[in-house]
Amino acid sequence: MSEIIPYNAWILVADAKRALLLRNAGNAANIMLKVEEVIQAPPNGPTRDHGTDRPGRTTSGSHRSSLGNADLHRLEEERFFSNVVEKLQSACTDRDVHKLYVVAPPKALADLRSAMPDTLRKIIVAEHDKDIVNLPVNEIEKYFVS
């Protein structure tokens, strides 16, 4: 993917467990990404490890039915994405960021989009549905220039 990343543009590279906030300290011709912040999700085991309570029950007139279990694993992921967006919004406001690129696997990308306020969505230049968050920074740079 060959894309021009201008000087001082920010890149969010994330998945459901880790997010990197990167800034291009180089120029459009010679990208040089600097890590501004690393955000790690707390350990998030399978849903069965989060809770073992049986589903609740409700009564409506003469009918009785069970309530579904909350997917606690999914709730932790949503909490992580909200945290990422909060830190990203703070960084963009504090550092006057005007261009943002977002790279995440498809599901994480959708979750990030839904967690982002309009003010943040407006500065997104491009989104890429790739899982590259666990690559070293120099490999992430190669992703943008190849």
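**Exercises: one helix, two cores, one loop residue**

The buried residues of helix α5 (residues 137-145) are Ile140, Glu141, Tyr143 and Phe144. Buried means under 20% relative accessible area, exposed over 50%, partly exposed in between (1.4 Å probe, protein chains only). Helices (H or I, at least four residues) and strands (E, at least two) are DSSP runs, numbered from the N terminus. This is a predicted model: local features need pLDDT of at least 70, side-chain atom pairs count only at pLDDT 80 or more, and totals for chains, interfaces and linings use all residues. Residues are numbered from 1 along each chain as its sequence is written, and side-chain values use heavy atoms, without hydrogens and water.

**Exercise 1.** Find what covers the buried residues of α5.

*Solution.*
- Take the arc, that of the directions from the helix axis to the C-beta atoms.
- The buried residues cover an arc of only 150 degrees, so they sit on the same side of α5.
- Their cover includes β1, β2, β3 (33-40), β6 and β7 (124-128).

**Exercise 2.** Describe the largest nonpolar core (buried Ala, Val, Leu, Ile, Met, Phe, Trp, Tyr and Cys residues joined through side-chain atoms within 4.5 Å).

*Solution.*
- The core has 25 residues; Leu12, Leu88 and Leu100 are among those with the most contacts inside it.
- α2 (72-94) is one of the elements supplying at least two residues.
- The largest share, seven residues, comes from α2.
- A second, separate core of 16 residues includes Ile5 and Phe144.

**Exercise 3.** Locate Asn134 and list its contacts (heavy atoms within 4.5 Å) beyond four places in sequence.

*Solution.*
- Asn134 lies in the loop between β7 and α5.
- Asn134 is exposed, at 57% relative accessible area.
- Its contacts are Asp15 and Arg18.
- The C-alpha atoms of Asn134 and Asp15 are 9.0 Å apart.
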